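Biologist: Before the discussion begins, please place the model in view. The questions will then proceed from site to fold.

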Amino acid sequence: MPKYAITPPEVIGLPIKDSDALFPVRRVYCIGRNYAAHAIEMGHDPDREPPFFFQKNPDNLSPGAEFPYPPKTSDLHYEVELAVMLQSGGSNIAVEQAMRHVFGYGIALDMTRRDLQSTAKKMGRPWEIGKAFEHSAPVGPIHPASTVGDIDQGRIALMVNGELQQEGDLNQMIWKVPEMISSLSDFFELAPGDVILSGTPAGVGPVVRGDVMEAQVEGLGSMVVKVV
Ligand code: MN
């Protein structure tokens, strides 16, 4: 056992459906503008330009049913996304080999301080201030691929206070799951414990304290998160 000068930070462990084992998180990658209709609503061309990525922090992943409204924003947005958890990794992974690295899937919310992100975009600054804040990625239990199979299609939706706000199909992703794993692995060495948030369909919008978000992905059930 190495000796640490201060108490080492905890490994972030996410619940796995029907298991008492946790999924240990290493890194969190997020893909931007991966559904054409969302790219258009954000003022961008939906053409298949190369994928781009940003990161959140492992401890931003939040399995809780409550989401604390973050400081320094007055325009907090939801983005419902399919999260992909990796059990193995590597560099320069071929698209055809990518799915063997998937451990499982979960429902996630890429919560965004949109006002801070918009300012960062305008000024050519990084996005962390808008994206990588405390509790910014509520995530539901992980469904192992060994039980649910490869997920490449199905309805993805988000309701706020019972009203449908976001709806799409996973088959509308511009860059599919194996393609985003392959592309990421050209830039970074992927490893067990990495989590990829795969982008959001159209319909993003703000929430305020008291709102109840219900995120749904076909085959993964739903996740209810209250803004507090
Ligand atoms: Mn997103």
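Biologist: Which residues are the protein donors of the manganese ion?

Modeller: The model is a predicted one. In it, the protein donors lie 2.0 to 2.1 Å from the manganese ion. They follow the sequence spacing E-x1-E-x28-D. The donors are Glu79 (OE), Glu81 (OE) and Asp110 (OD).

Biologist: How many residues apart in sequence are the parts that Glu79 and Asp110 tie together?

Modeller: Glu79 belongs to the loop between E7 and E8, whereas Asp110 belongs to the loop between E9 and E10. The pair therefore ties together parts of the chain whose separation in sequence is 31 residues.

Biologist: Is Glu79 buried or exposed, and what is its relative accessible area?

Modeller: The cut-off for a buried residue is under 20% relative accessible area. Asp110, with a value of 1%, is buried. Glu79 is likewise buried, and its relative accessible area is 4%.

Biologist: Which residues lie closest to the centre of the largest cavity?

Modeller: The structure holds two cavities of 30 Å³ or more, and the largest contains about 120 Å³ of space. Its lining is made up of 17 residues. The closest to its centre are Gly32, Arg33, His38, Glu79 and Lys131.

Biologist: Which helix gives the largest share of the lining of the largest cavity?

Modeller: By class, that lining has seven charged, five polar and five nonpolar residues. The largest share amounts to three residues, and these come from helix H2 (residues 114-122).

Biologist: How many residues of the lining of the second largest cavity are nonpolar?

Modeller: The second largest cavity has a volume of about 100 Å³. It is lined by 13 residues, with Gly32, Arg33, Asp47, Glu49 and Ile174 nearest its centre. By class, four of the lining residues are charged, two are polar, and the nonpolar ones number seven.

Biologist: Which strands stand at the edges of the open sheet that includes E7?

Modeller: The sheet is formed by three strands in the order E10-E7-E16, with antiparallel pairing. Each edge strand has a single partner strand, so one side of each is left without a neighbour in the sheet. The edge strands are E10 (112-113) and E16 (205-206).

Biologist: Which residue in E10 stands opposite Leu76?

Modeller: Strand E7 (residues 76-78) pairs with E10 in the antiparallel sense, over two bridges. Opposite Leu76, in E10, stands Arg113.

Biologist: Which residue in the turn of the hairpin formed by E1 and E2 has a positive phi?

Modeller: Strand E1 (residues 12-15) pairs with E2 in the antiparallel sense over four bridges, and Ile12 stands opposite Val25. Six residues lie between the two strands of the hairpin. The residue in the turn with a positive phi, of about 55 degrees, is Asp18.

Biologist: Which side chains of strand E2 point to one face and are buried?

Modeller: Side chains alternate along strand E2 (residues 22-25). Leu22 and Pro24 point to the other face and are not buried. The buried ones are Phe23 and Val25.

Biologist: Which strands are included in what covers the buried residues of H5?

Modeller: Helix H5 (residues 177-187) is mostly covered, with eight of its eleven residues buried. Among them are Val177, Met180, Ile181 and Leu184. What covers the buried residues includes strands E3 (28-31), E4 (53-56), E8 (80-86), E9 (102-109) and E15 (195-197).

Note on methods: Residues numbered from 1 in each chain as written. Predicted model: local features only at pLDDT ≥ 70, side-chain atom pairs only at ≥ 80, totals over all residues. Heavy atoms only, no water. Buried < 20%, exposed > 50% of the residue type's maximum accessible area, 1.4 Å probe, protein only. Contact = heavy atoms within 4.5 Å. Pairing = 2+ DSSP bridges. Donors = N, O, S within 2.8 Å, 3.2 Å for Na, K, Ca; no water. 1 Å grid on protein atoms, 1.4 Å probe; cavity = no way out; pocket = protein on both sides within 12 Å on 5 of 7 lines; lining within 4 Å. Points joined across faces, edges and corners; volume = space filled by probe spheres on them. Nonpolar A, V, L, I, M, F, W, Y, C, P; charged D, E, K, R; others polar.
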